[in-house]
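Dear colleague,

Please find below the structure that I am handing over to you. My notes on its aromatic rings follow it.

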Amino acid sequence: MKPFARIAAPLTALVLAGLSATACAPQTSGSGGTADEKSGTLRVWLFREVGNAPKEKAVDAAVASFEKRHKGTDVQVEYIPVDTRAQRIKAAFNDPASAPDLIEYGNTDTAGYVRDGGLADVSAEYAAWDEAKDADPTAKESVTVGGKVYGAPLFVGVRALYYRTDVLEDLGIDPPASQAGLAAAAKKIHKARPDLYGLAVGGAYTYGALPFLWAHGGELAVKKGGTYKAAVNTPQARKGISAYASLFGNANCPADKCASLGGNATVTAFASGKAAMAIGGDFSHAAVEASKVKGKYAVVPLPGVKKGSIAPAFAGGNNIGVLKSTSHRTLAVDLMKTLTGKETQRRLFDAMGFLPTYTDVLDEAATKEPFVKPFVATLHAGAKSVPASPAWGQIDASLILPTMFQEIVSGRKGVGQASDDAARKMDAAFADAR
C-alpha cells in the first residue's frame, strides 16, 4: 500500500459514534461508474483518529492482504479530518473523476448519502458474503436504506453507566438496576456528597437522553406513507423525556451548570472526580482509565424502566461504503469486505478498542477484555438508531433535540410545549427531505 497524502495535525476522533454530517451534498445526476476495471489504483478515504498510528497499522495489514490477492492493484489510503468530511464527501459526489473508490462514513449519514446518489447499492454482494450472516442486526440496519444495503459496518459504539465503586460502597448504594433506582441513587449521593453530581447529565447530551425516551416506549419518529413523522411528543416519549429532565436540578445536577453540557463534558465530569456516575461510551474507556478515577470505577448497562432490564442505547459507529462512481466496482467491493471483515475488526479492537460489528467477534472481545462486557450486553439487549432519513442530518445540525431538552431543564418550556415544538421542526425537515 502507498499511503496517500497524510494530514499532519491531530484531529478529534469520531468518539460520539454516529456523528451526523452538517451539510448534505446535492443530488448527483450521473449514473455512476460504468467500467469495472480489474487492476489499477483504488483510493480510500478513512477518518483520522486522535492517535491514528494503531488504526493505520490495522488498515495496512488489511490492504496488504488485499493487494496480495489482487495482483496489479495499488491501494492508496488518505486519512481525512472528521470535522471537514462533509465538504470533502460533497465534493467527491459532485466530481466523480477525482472521487475515491471507498469512504468511511458515520452511520447516521447513510440515508443522506444514499439520497445524494453517492453510495453504490451492494445488496447482492453483501447477501452473498459469508461473514455478513454474523453481523449484529443493528449494525446491518445502519447500512440499510429502503431495504437495500449501501456499505458494510466497520465498528459500533454504545453507551453504558460508569459509576464510582468507592462512593457507592461508602454510601451503601448498590449499582442501579432501574431508572427509578438510578434517579434515587443520584439524589442520595448528591445529598451526602454535595461536591459531587450524583449522575452527570447534560441538556445537550442527546445520545445520553435517548435511552430514557426509548425505555419508556417512545420513539423519535415513525415511518408513515414513505416518510417519517415525528413522535417525540407522544405520551410514551414524553414520559421518557420527563424522566431524563427530572435528573436536572439542585438535588442532583443543577440546571444552571448542567443544561449546556454535552456528552464529552459529562464524561469529563466523571473522569475528573466531579460526578459519581455518568453515561459514557465504550470509546470513553481509555480516557477514564487515564484519569484520577482509575481503579475506582466500574461499568454496568444503563438500566431500563423495569428492574433488571437494560435501556435501549443509541448504536453509533462507522461504516465503509463503495462510491457509485467507482470504475473498479468488483475490486472496491472486495476491498470493502477486507476492511470491514472479521480479521480487520479484531485488529481494530486490539489496536483502538473499536467494538466489532459481528456477534461472534463481539463475544470474543468481551472474553478478552472484561470492560467490554456491559457494552456487549447492551448491544445484545437491542440497541436503536436514528430514523433512516436524509432529514436526520438537518435535524441534528439544527440542534432540535438539544434545544428541546435545554428548554425543559431550564424551565423555559414544559415538556408538552417543548416536545410539540420539536416535533413540528422535525416534521418540516422530514417534509423537505422527500
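A charge is taken to sit over a ring if NZ of Lys or CZ of Arg is within 6 Å of the ring centre and within 35 degrees of the ring normal. In this predicted model, Lys 342 meets that rule: its charged end sits over the ring of Tyr 358, 5.7 Å from the ring centre. Arg 88 likewise has its charged end over the ring of Trp 45, at 4.5 Å from the centre.

As to contacts between rings, the count comes to 14 aromatic pairs. One of them joins Tyr 126 and Trp 129: the ring centres are 6.0 Å apart and the planes stand at 75°, so this pair is edge-to-face. Both Tyr 126 and Trp 129 are buried.

A further pair is formed by Phe 155 and Phe 354, whose ring centres are 4.2 Å apart with the planes at 20°; the pair is therefore stacked, as planes under 30 degrees apart count as such. Phe 155 belongs to strand S7 (residues 152-157), while Phe 354 lies in the loop between helix H14 (342-352) and helix H15 (359-368), so the contact ties together parts that are 199 residues apart in sequence. Phe 155 has a relative accessible area of 6% and is buried. Phe 354 is buried as well, at 12%.

Finally, a cluster deserves mention: Tyr 162, Phe 270, Tyr 297 and Phe 375 are linked into it by ring pairs.

With kind regards

Technical notes. Residues numbered from 1 in each chain as written. Predicted model: local features only at pLDDT ≥ 70, side-chain atom pairs only at ≥ 80, totals over all residues. Heavy atoms only, no water. Phe/Tyr/Trp six-rings, centres within 6.5 Å; stacked < 30°, edge-to-face > 60°. Buried < 20%, exposed > 50% of the residue type's maximum accessible area, 1.4 Å probe, protein only. Helix = DSSP H or I, 4+ residues; strand = E, 2+ residues; numbered from the N terminus.
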